[in-house]
Amino acid sequence: VSPNVVVGSSKGVNTFAGSWLELEYGAKAWWTTEFYLEGQSTSHDSTVFTGFRTEHRFRVLAQEHRLNPVLYIEFEDINGANKTLKEFVGFDSKDDQAVLNAEARQERKREIETKLILSSDFKAWNVSENLIAEKNLQQGTWEFGYAVGLSRPLRLAATAKACVLCRENFNAGLEAYGGTGTWHDLTLHDTSHYIAPTVAWNFPNGTTFKISTAFGLTNNSHQRLVRFGISHEISRFDRRVKEWFR
Amino acid sequence: MKPAVKAFLFTVLTSWTIVSGSASQCDSLTLLRQAPTKAQAQKNVYKGNGEALLAGKKLFLRHCAECHGEDSKGTEDAPSLQSAAIRSAPPGALVWFLKNGNLRRGMPSWSRLPEQQLWQIVTHLQQ
């Protein structure tokens, strides 16, 4: 279970907070399925519900390799006021978030998003590359984007004592993401790109707190996006549900 | 059939075929014996290290006990780890197995943990 918020600010755009609640279920060791409820609040404007999405992730290979591919498929039913900015594709721009909520929410987006996620572990560094393709099912062409990231625990070996604030519980990293145009116009021009240092704090009880500040690199990017997220893993959820009905 | 439905079915079937095919019907002990020679030959530098033993127990309780039980004697979801096969297995093979998991049988991959922590868990399991 993971509530998340992204706060965006840049010139000419009202500061906004996009939020989403993520419910993820590990159906199999190789398959996870997620459901998201999304909304946003914009200063000098309003607070609106913006839709839902559902996704599946499939780990393709049974064993660890240098590159471990995961196939990702998502269906989203959201409106134009959505400001969760979970990914950037095509020519996504900060101007998309300048439209008033009342007007933006009139646009309905039913989209399918696919990703090839390649993950590698190298000397305690986790490196991940995402190739993103998104298509509005009603109109338009395929839009593409990318996300890359690397992270590492601040301490590799665990200490003997139980601890919350020790370095082994922290991961630090760097992410970069952005759009790469469309099927007919693959380009980096007029697209938005970000670079974001990230920190994750893993509590011994299965709760993780994440924060990242993304800095816009192009004129189409927001100046800054600050992301917060808390996730809590409920172990053996299926067994707990069975016990409720006994 | 709509393209979106086709894409979804294709993804599910392809993933299932690859995962089930490459994992075959191997049980965990068979997989352990199939660990690469290089992995099997690795020595546990934490062997006999009291600090690592305690750290391994802490990590076991955090990541493994939910399925294998706090006493590692197993539950209805996962087998006991208090067996001669585990205690006598090459420690490098156990680390290799933790990294890979046995996805077909529900054992996840723990490659996201640093290798040092995997060795600490193995130190605890083989005490």
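Contact here means heavy atoms within 4.5 Å. The model is predicted, with an ipTM of 0.86 and a pTM of 0.87.

**Exercise 1. Place A:Thr218 in its surroundings.**

Find which residues A:Thr218 touches, leaving out those up to four places away in sequence.

*Solution.*
- Step 1: locate the residue. A:Thr218 lies in the loop between strand E12 (207–216) and strand E13 (224–232) of chain A.
- Step 2: list the contacts. They are A:Thr191, A:Ser192 and A:His193.
- Step 3: check one backbone distance. A:His193 is 25 residues apart from A:Thr218 along the chain, yet their C-alpha atoms are separated by 6.2 Å.
- Step 4: look at the side chain. The side chain of A:Thr218 makes a polar contact with that of A:Ser221, at 2.7 Å.
- Step 5: classify the exposure. Buried requires under 20% relative accessible area and exposed requires over 50%. A:Thr218 has 28%, so this residue is partly exposed.

**Exercise 2. Sort the cysteines.**

Determine how many disulfides the whole structure holds, then examine B:Cys64 and B:Cys67.

*Solution.*
- Step 1: apply the cut-off. Two cysteine sulfur atoms must lie within 2.5 Å.
- Step 2: search all chains. One disulfide is found. The bond joins A:Cys163 to A:Cys166, with an S to S distance of 1.8 Å.
- Step 3: assign the handedness. The torsion about this S-S bond, between A:Cys163 and A:Cys166, is about 60 degrees, so the disulfide is right-handed.
- Step 4: check burial. Both A:Cys163 and A:Cys166 are buried.
- Step 5: turn to chain B. B:Cys64 is in no disulfide, and its nearest cysteine sulfur, that of B:Cys67, is 8.8 Å away. B:Cys64 counts as buried at 12% relative accessibility. B:Cys67 is in no disulfide either. B:Cys67 has a relative accessible area of 24% and is therefore partly exposed.

**Exercise 3. Describe the setting of helix H7 of chain B.**

Decide whether the residues of helix H7 (residues 91–100) of chain B are mostly buried or exposed.

*Solution.*
- Step 1: count. Nine of the ten residues of H7(B) are buried, so the helix is largely enclosed by the rest of the structure.
- Step 2: name some of them. Among them are B:Leu94, B:Trp96, B:Phe97 and B:Asn100.
- Step 3: find the packing partners. The buried residues of H7(B) pack against helices H2 (28–33), H3 (37–40), H6 (84–88) and H8 (115–125) of chain B.
- Step 4: inspect the end. Just after H7(B), B:Gly101 takes a positive phi of about 70 degrees.

**Exercise 4. Characterise the interface of chains A and B.**

State what area is buried between the chains and which residues of chain B supply the most.

*Solution.*
- Step 1: count the partners. 37 residues of chain B contact 34 residues of chain A.
- Step 2: take the area. The chains bury about 2900 Å² between them, 61% of it on carbon and sulfur atoms.
- Step 3: rank the contributors. B:Lys58, B:Arg62 and B:Leu103 supply 21% of the area that chain B buries against chain A, more than any other three residues.
- Step 4: count the polar links. There is one salt bridge between the chains. B:Lys58 and A:Glu168 form it through their side chains, at 2.7 Å, N to O. Ten residue pairs are in polar contact, both residues at pLDDT 80 or more.
- Step 5: assign elements. H1, H4, H5, H7 and H8 of chain B each give two or more residues to the side that touches chain A. H1(B) gives the most, with eleven residues.

Technical notes: Residues are numbered from 1 along each chain as its sequence is written. Chains are lettered from A and ligands numbered from 1 in the order in which they are written. Side-chain values use heavy atoms; hydrogens and water are left out. Helices (H or I, at least four residues) and strands (E, at least two) are DSSP runs, numbered from the N terminus. Buried means under 20% relative accessible area, exposed over 50%, partly exposed in between (1.4 Å probe, protein chains only). A polar contact is a pair of N or O atoms within 3.5 Å; within protein, one must be able to donate a hydrogen and the other to accept it, and residues adjacent in sequence count only if both atoms are side-chain atoms. Buried area is the accessible area (1.4 Å probe) that two parts lose on being put together, summed over both. A salt bridge is a side-chain nitrogen of Lys or Arg within 4 Å of a carboxyl oxygen of Asp or Glu.
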